[in-house]
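Hi,

Here is the structure I promised to pass on, ready for you to open in your viewer. My notes on what turned up in it follow below, so you can read and look side by side.

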Amino acid sequence: MEVFISSGLIGLSMGAQYALISIGFTLIFGIMGVVNFAHGGFYILGGYFAFTLTHALGVPYVAAVLLAMVATGILGYVIEAVFVEKYVVDHLATMLITLGIYQIMTTGIISVYGAEPADFRFPISGSLRGPGFYIPYSNLIVFAVCTVAIAAVYYLVFKTRYGISLRAMADDGPVARAQGIQPAKMFPMAFAIATALAGLTGALVTPMLALEPHGGEAVLTKAFIVVILGGLGSVTGAMVAAFIVGMVEAYSSVYLGGSKGALALFVLVVLILMVRPQGLFGTDARKA
Amino acid sequence: MKIVKSEKRYPLVALLVAITTASTAASAQDCEVKLGAVGPMSGSGATYGLAIKAGAEFAAAMVNQDGGLTMGSRKCRVKVFPVDALYTASGGAAAANLLASENVRVIMGPLGSPENAGLRPVAKRHGQLSFNASYMEGAITPEFPLAFHATQAPQTWGPELIKAAKVQFKFNTAMVVAPNDQAGTDPGKQLAKMYGDVGVKTTEEYYQRGTTNFAPMVTRIMNANPDTLEMSGVPPAEAINLTKQLMEAGFKGFIGSLGGSGSSPVLQGAGGPEKLKGFYWLETSPVDHPGILKMKADHARVMKSAAPENPVFAVFALASEVTLTAISRAGSDQDAEKVADALRKFNPESRYMGKAGWRGKTLYGINQELTFPVGLGMVVDGKKLPVRTIEIATE
């Protein structure tokens, strides 16, 4: 029973992390139609920004996380405005541009910080223990922050005029433009929000796991799985799918072992997509 | 005959001297010995590949500070060509191809078993000699006569080290943890058998390489509750992470690292030796040996930086020193057969570790494995003991 409870707690924690990283990814695709291959790079940059601020400049961790989020948001805004905006209707071009930007990011990180992982630790250690189970305090804190961030994004996308405009662009671009919504103003900001979320996740999660230059690749793979399972462009779908992926991964890894656990996740995703190729919330959530 | 007046001769003489000096200098600069360095230089195994590169560059620098490597009647500068093989078979194959395009015929590395599996058939085609540090079964074989082994595999030092650890820590159950590819399963299975041979009930647990969130695996480990956890095949970055998460979960058992990472990853992950009840590890070079300490002091002096902590650095510094001696004796860095022949014909010797030998005939069918000693380190009740030197017999 204790193992069952522990696995559930692990799954929830992983799900929250996946949700935060995937929401930004699906937001960019839904609104702009851009598959951002640099998304994992922003995650890792968020980690390295926070690491540099805390270790080199002595900035308190909380402030470092917030600054890392702002920095990756600003960088995302600039990258979209300068490199992506011009080719936003050409999906292949934007894929290649964002892939190139990811390569530049990782090479830049290696040249500044080296190829080896950085020694970046969560400022709070120890675990909350119950009868037969435990959860590290870092996981609890990250889970709480992720939940608040997800709620904030949900509020932004569904309750504000800006969010309504974003969803209008995602739903029907030409009609939205005809109504006076200007893509040149919406897109860089949307990109910035997405990259800020990735940077926030990186700053929070890399001290618990690992901070190394190529760490964004595994994150991007997970984001892809979550977003495709949830339905491309669906924020609600990404959130639900993230927790499904987190729970399946946790339980299958604990009960079946590391190798079989990964296989179980992919089998489940394939089965779901065979039944619903558009993803769990592919159509419904976008019209919500 | 017109006689050149003396005041006009001096400029002529000066010109002739300048031409002669310039052409001599041009010959030394034109003469280069090429040495490849292949290993994982990014990702969780980056520590290994960068240590291979550092070992080769150090050996090259020690030779270059004396004017270069003696090649017949002249001295040639040694240049190292590093290539990241990404811990994959395709990376190893690509590294061999890339180095062949640069006319590099002698390669230090690779380290990863997949890298070695990918590199050596391509290297054989290109006529390249390699010095790997892989733990794969058949790390060297008569099928690849130009492949040498820079360090010994678990079958050689494993039984002695496991026995010494069992005597110290008195464990009865063990779990071997490793990535689920050849680089993890080959040594994992070897070590599981060795633990079993000394009466330790052993299970094996494999995970996807590149995992950062070990929480599910840690839950499995805590549930199984082994007396000792063997992390041989776990690469350094993942070992740091796994140890950190084990400590958070309250793991109270012993930890073994009979692989190539040394002690640093586990000690870093734990937060210091004082946090560990018991820890035992292989040093692929005995880091407290006076020769290795001298090597590190020389590295600081010549390279103007501290030597990498990972013991793979010393393995490849020694292997590179031996290889450069062989290249000098062969008189060529382009004829790998001649270099291999030179290697086989002499007893390897290092200015730091003295004389060594070759072994491998019994285990691999080919006597091309270096026998420089290894080390066994231990932390007992929070205290780090000096690393014990373990001599390796030649065949």
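B:P110 sits in the loop of chain B that links strand 4 (106–108) to helix 4 (113–126). The peptide bond leading into this proline, from B:G109 to B:P110, is cis, with omega near 5°. Please keep in mind that this is a predicted model, so every value here is computed from it.

A few other backbone spots in chain B may catch your eye. B:N225 has phi near 55°, a positive value in a residue other than glycine. You will find B:N225 in the loop between helix 7 and strand 9 (228–230) of chain B. Is B:N225 buried or exposed? B:N225 has 11 other C-beta atoms within 10 Å, and a residue with 12 or fewer counts as exposed, so B:N225 is exposed. B:K304 also has a positive phi, near 60°, and belongs to the loop between helix 10 (290–303) and helix 11 (312–330) of chain B. With 7 C-beta neighbours inside 10 Å, B:K304 counts as exposed. B:K170, just after helix 5 of chain B, takes a positive phi of about 55°.

Helix 5 (residues 154–169) of chain B has its own set of buried residues: B:P154, B:W157, B:G158, B:L161, B:I162 and B:A165. These pack against several elements of chain B, including helix 6, strand 10 (254–257) and strand 11 (278–283).

Helix 6 comes up again in the next piece. Strand 7 of chain B, helix 6 (residues 182–197) of chain B and strand 8 of chain B make a right-handed β-α-β unit. The two strands of that unit, strand 7 (residues 173–179) and strand 8 of chain B, run parallel and are joined by seven bridges. Within this pairing, B:M175 stands opposite B:T203 of strand 8 of chain B.

Now for how the chains meet. The contact between them takes 28 residues from chain A and 28 residues from chain B. On the chain B side, the elements that give two or more residues are helix 2 (46–64), strand 8 (201–207), helix 7 (215–224) and helix 8 (236–249). Helix 7 of chain B gives the most, with six residues. By class, the side of chain B that touches chain A has eleven nonpolar, 14 polar and three charged residues.

One residue to look at from the chain A side is A:A115, in the loop between helix 4 (91–113) and strand 1 (127–130) of chain A. A:A115 has 21 C-beta neighbours inside 10 Å and so counts as buried. Leaving out residues up to four places away in sequence, A:A115 touches A:I110 and A:P213, along with B:M41, B:S42, B:A46 and B:L50.

Finally, the core. The largest nonpolar core has 220 residues, and those with the most contacts inside it are A:I28, A:A190, A:L197 and B:F316. Helix 1 (residues 2–32) of chain A gives the most to this core, with 15 residues. Where does the core lie with respect to domain 1 and domain 2 of chain B? Both domain 1 (29–151 + 288–356) and domain 2 (154–283 + 377–390) of chain B give residues to the core, so it lies between them. Beyond its neighbours within four places in sequence, B:F316 is in contact with B:A51, B:I52, B:G55, B:A56, B:M108 and B:A150.

Happy browsing, and write back with any questions!

How values were computed:
Residues are numbered from 1 along each chain as its sequence is written. Chains are lettered from A and ligands numbered from 1 in the order in which they are written. This is a predicted model: local features need pLDDT of at least 70, side-chain atom pairs count only at pLDDT 80 or more; totals for chains, interfaces and linings use all residues. Two residues are in contact if their C-beta atoms, placed from the backbone, lie within 7 Å. Helices (H or I, at least four residues) and strands (E, at least two) are DSSP runs, numbered from the N terminus. Ala, Val, Leu, Ile, Met, Phe, Trp, Tyr, Cys and Pro count as nonpolar, Asp, Glu, Lys and Arg as charged, and the others, Gly among them, as polar. A residue is buried if 20 or more other C-beta atoms lie within 10 Å of its own, exposed if 12 or fewer, and partly exposed in between; C-beta atoms are placed from the backbone. Two strands pair if DSSP finds at least two bridges between them. A crossover is right-handed if, with the strands pointing away from the viewer, the path from the first strand over the helix to the second runs clockwise. A nonpolar core is a set of buried Ala, Val, Leu, Ile, Met, Phe, Trp, Tyr and Cys residues joined through C-beta atoms within 7 Å. Domain bounds come from an automatic or database domain assignment.
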